[in-house]
Amino acid sequence: MFYVVKYLYGLLAQLYADHADPRVKDWPLLYEPLLPLTIISLYLLFVLKYGPKWMEKRHPFELKNVMRLYNAIQVIVNFYIFASAIPNSYAHKNFSFRCQPPTPTNTEPWMMRCLQLTYGYYLTKYLDLFDTIFIVLRKKSQQVTFLHVYHHAGMVFGVYVYMTFLPCSHSTMLGIVNLLVHTVMYAYYFIASVRPTTATIWWKKHITQMQLLQFAYLTFHFLQVVVNNTCGHPFLIAMVGFIQNIFMFALFFDFYYRTYMKKDNKAKKVEERRTITKDETKIKSS
């Protein structure tokens, strides 16, 4: 067993030596996977086991002001990175929509700015984990779904891999689109906490629609490299991105169907029954 572990560790070390981006080697939470995996593990243990157990006999925490501040910070940070990243990625003349390869030797100012901004995006994925922590502390256990936890934990690990091996490559579009969606989403959370009226409820449905569009476009974005890899981008990474976004689209569509479409159909049937009952009553009384 010892030799198997030693062999696997050697393969992993060789993988990092051969393919990790040297420009980000010394940046915190990158390169060595132990710390990111430890944080993900602690997150999962807290939100799935120890957090609910610890809160079992406690009153929910009142976190309204904390969450308002958190949501405001998320809006500002996500929008700033989104607006700053566009001119240093897809709006730059040397960056391709169709197939952008990893360029580990490129240290031009715009590219280094792209690296810094994508690193900032990576750090926001750790900040996103507080979404679930707040849910647990407020004893809203029904909101801790497989989709919610998988999405948050998976994003931390996925962006870690991207940032360590392929920063500012074709996968950058995932971050660009995700930043825009999160800006709108956290703006909704902030407004709903300040003015919790029915006027803000319609936002929720359209935010989920935005997320579905996000995964649909990203599926196409990665498919471009899968079917026509003109830039030497790693095929396996593009294929994983393609399959992952189909999977996420399916999960979010299932949530959308159960939350909105199914309820709308049920409401329509109830209204139809009421109309039929009224018509029958009128006929009998006439």
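This passage walks through the fold, the nonpolar cores, the disulfides and two individual residues of a predicted model.

The overall fold is quick to describe. The protein chain has nine helices and zero strands, so reading along the sequence simply gives α-α-α-α-α-α-α-α-α. Of its 286 residues, 39% count as buried. Contacts lean towards the long range: among those between residues at least 6 apart in sequence, 79% join residues at least 24 apart. The accessible surface of the protein chain comes to about 17100 Å², with 67% of that belonging to carbon and sulfur atoms.

Next comes the interior. In soluble globular proteins, nonpolar side chains tend to be buried together. Here the largest nonpolar core takes in 53 residues, and L30 and Y122 are the ones with the most contacts inside it. Seven helices each put in at least two residues: α2 (34-55), α3 (64-85), α4 (109-128), α5 (130-137), α6 (146-165), α7 (172-194) and α8 (201-227). Y122 gives a feel for how this core is put together. Setting aside residues up to four places away in sequence, Y122 touches L29, L30, P36, V156, V159 and Y160. L30, then, turns up both as a partner of Y122 and as one of the two residues with the most contacts inside the core. There is also a second, separate core, this one of eight residues, including L147, L212, L251 and F252.

Some nonpolar side chains sit on the outside instead. F249, F253, Y257 and M261 make up a nonpolar surface patch, and together they have about 320 Å² of accessible area. Y257 belongs to helix α9, which spans residues 235-285. With a relative accessibility of 35%, Y257 falls in the partly exposed class, because that class runs between the 20% limit for buried and the 50% limit for exposed.

Then there are the cysteines. A search of the whole structure turns up two disulfides, and with the bonded cysteines numbered in sequence order the pairing is 1-4, 2-3. One of the two links C99 to C231, with the sulfur atoms 2.0 Å apart. The torsion about this S-S bond is about -65°, so the C99 and C231 disulfide is left-handed. C99 comes from the loop between α3 and α4 and C231 from the loop between α8 and α9, so this pair ties together parts that are 132 residues apart in sequence. C99 itself counts as buried, at 6% relative accessibility.

The other disulfide joins C114 to C168, S to S 2.2 Å. Its torsion is about -120°, so the bond between C114 and C168 is left-handed as well. C114 lies in helix α4 while C168 lies in the loop between α6 and α7, so the parts tied together here are 54 residues apart in sequence. Both ends are tucked away: C114 is buried with a relative accessible area of 4%, and C168 is buried with 0%.

One last residue deserves a look, H152 in helix α6. At 7% relative accessibility, H152 counts as buried. Leaving aside neighbours within four places in sequence, H152 is in contact with Y43, D128, L129, D131 and T132. Of these partners, Y43 falls within the 34-55 span of α2, D128 within the 109-128 span of α4, and D131 and T132 within the 130-137 span of α5.

Terms used. Residues are numbered from 1 along each chain as its sequence is written. This is a predicted model: local features need pLDDT of at least 70, side-chain atom pairs count only at pLDDT 80 or more; totals for chains, interfaces and linings use all residues. Side-chain values use heavy atoms; hydrogens and water are left out. A nonpolar core is a set of buried Ala, Val, Leu, Ile, Met, Phe, Trp, Tyr and Cys residues joined through side-chain atoms within 4.5 Å. Buried means under 20% relative accessible area, exposed over 50%, partly exposed in between (1.4 Å probe, protein chains only). Helices (H or I, at least four residues) and strands (E, at least two) are DSSP runs, numbered from the N terminus. Contact means heavy atoms within 4.5 Å. Patches are made of residues with over 30% relative accessible area and no salt bridge: like charges are joined within 9 Å, nonpolar side chains (Val, Leu, Ile, Met, Phe, Trp, Tyr) within 5 Å. Accessible areas come from the Shrake-Rupley method with a 1.4 Å probe; for residues, only the protein chains shown count as cover. A salt bridge is a side-chain nitrogen of Lys or Arg within 4 Å of a carboxyl oxygen of Asp or Glu. A disulfide is a pair of cysteine sulfur atoms within 2.5 Å.
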